[in-house]
Amino acid sequence: MRSVTPYSRAAEALYKRLELVLSDKALKLYDNGIKKPVLSIGLGQARPACMAWVNPMPFEVQIQGSATSHQYRTEFILRTYLLCVSTNFNDAVKQVTYWADAVIMGISADATLGRKVDRCLPRISDAGYDFNSDKRFTAAIEIETTISVYDMVSEDFRRLVHEG
């Protein structure tokens, strides 16, 4: 069996949560004009007008001690990007603002992402807008999710080190 990194497990779990909270069903809990964004892990080749993606690369990885010497806590950040391009400035801002709320509420409702991680805390780390000469407005929000995982070392790696 091949080992999977805790980062890719967490990115997949975060993506699954975004699939749920950015679905048509979830967005109907908000205003009627909220569109469902195209969702992906990583930034794909296509650039639709409404999109959200999870960057699977971890940022700021830290390992800290815990109650036992056999179970350390690892914290890292995964970033989610929400982007909307529209001919209407207020619409672009509205879309990403509601999406950000859905993401934050969806993570906060179960901060273990279905027991795939031990804890995660979302926060908006950046937001902004821009426009071009074609009178198209772009609004974007970046959400950083700090993820904690205890005892992330796989049995395969433990065996490799102990037998080495």
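These are my notebook entries on a predicted model of one protein.

**Entry 1: the overall layout**

I started with the secondary structure. I found four helices and five strands in the protein. Reading along the sequence, I wrote down the pattern α-α-β-β-β-α-β-β-α. The protein has 164 residues, and buried ones make up 38% of them. I then looked at contacts with a separation of 6 or more. Residues 24 or more positions apart account for 62% of those contacts.

**Entry 2: the largest nonpolar core**

Next I looked up the largest nonpolar core, which has 35 residues. Which members touch the most other members? They are Leu22, Leu82, Trp99 and Ile147. I also noted which elements give two or more residues to this core. Two helices are on that list, helix 1 (6–21) and helix 3 (89–109). The strands listed are strand 2 (50–64), strand 3 (73–86) and strand 5 (137–150).

I picked Trp99 for a closer look. I left aside its neighbours within four places in sequence. Trp99 is then in contact with Leu22 and Leu82, and both of these are named with Trp99 among the residues that touch the most other core members. The other contacts of Trp99 are Leu27, Ile34, Lys35, Pro37, Cys50, Met51, Leu83 and Cys84.

**Entry 3: helix 1**

I checked the length of helix 1. The helix has 16 residues and reaches 22 Å from its first C-alpha to its last. That is close to the 22 Å expected at 1.5 Å a residue.

Then I listed its buried residues. They are Pro6, Tyr7, Ala10, Ala11, Ala13, Leu14, Tyr15, Arg17, Leu18 and Val21. What covers them? The cover includes helix 2 (24–27) and helix 3. It also includes strand 1 (38–41), strand 2, strand 3 and strand 5.

**Entry 4: helix 3**

I did the same for helix 3. Its 21 residues should span 30 Å at 1.5 Å a residue. The end C-alpha atoms are 30 Å apart, so the two values agree.

The buried residues here are Asp91, Ala92, Gln95, Val96, Trp99, Ala100, Ala102, Val103, Ile104, Gly106 and Ile107. Their cover includes helix 1 and helix 2. Strand 2, strand 3, strand 4 (119–131) and strand 5 are also part of that cover.

**Entry 5: Gln95 and Gly33**

I stayed with helix 3 and turned to Gln95, which has its place there. Is Gln95 buried or exposed? The relative accessibility of Gln95 is 0%, so this residue counts as buried. Leaving aside neighbours within four places in sequence, Gln95 is in contact with Gly33, Ile34, Lys35 and Cys84.

I followed the contact to Gly33. This glycine is found in the loop between helix 2 and strand 1. Its relative accessible area is 35%, so Gly33 is partly exposed. Gly33 and Gln95 are 62 residues apart along the chain. Their C-alpha atoms are separated by 8.3 Å.

**Entry 6: the second largest pocket**

I looked up the second largest pocket. Its volume is about 190 Å³. The lining residues are Arg17, Leu20, Val21, Ser23, Lys25, Ala26, Leu29, Tyr30, Ala102, Met105, Gly106 and Ala109. I sorted them into eight nonpolar, two polar and two charged.

Which element gives the most to this lining? It is helix 3, with four residues. Helix 1, helix 2 and helix 3 each supply at least two residues. Arg17 and Val21 are in this lining and are also among the buried residues of helix 1. Ala102 and Gly106 line the pocket too, and both are buried in helix 3.

**Entry 7: Glu75 and Ser148**

Last, I compared two residues that lie in strands. Glu75 lies in strand 3. Glu75 counts as buried because its relative accessibility is 14%, and the cut-off for buried is under 20%. Not counting residues up to four places away, Glu75 touches Glu60, Val61, Gln62, Arg119, Thr146, Ile147 and Ser148. I also noted Pro58, which is 17 residues from Glu75 along the chain. The C-alpha atoms of this pair are separated by 9.5 Å.

Ser148 lies in strand 5. Its relative accessible area is 1%, so Ser148 is buried. Beyond its neighbours within four places in sequence, Ser148 is in contact with Arg73, Thr74, Glu75, Val117, Asp118 and Arg119. I closed with Ser148 and Cys120, which are 28 residues apart in sequence. In space this pair is 6.2 Å apart, C-alpha to C-alpha.

Key. Residues are numbered from 1 along each chain as its sequence is written. This is a predicted model: local features need pLDDT of at least 70, side-chain atom pairs count only at pLDDT 80 or more; totals for chains, interfaces and linings use all residues. Side-chain values use heavy atoms; hydrogens and water are left out. A nonpolar core is a set of buried Ala, Val, Leu, Ile, Met, Phe, Trp, Tyr and Cys residues joined through side-chain atoms within 4.5 Å. Buried means under 20% relative accessible area, exposed over 50%, partly exposed in between (1.4 Å probe, protein chains only). Contact means heavy atoms within 4.5 Å. The expected span of a helix is 1.5 Å times one less than its number of residues. On a 1 Å grid over the protein atoms alone, a cavity is a set of points where a 1.4 Å probe fits but cannot get out, and a pocket is an open set with protein on both sides within 12 Å along at least five of seven lines; lining residues have an atom within 4 Å of a point. Grid points are joined across faces, edges and corners, and a volume is the space filled by probe spheres set on the points. Ala, Val, Leu, Ile, Met, Phe, Trp, Tyr, Cys and Pro count as nonpolar, Asp, Glu, Lys and Arg as charged, and the others, Gly among them, as polar.
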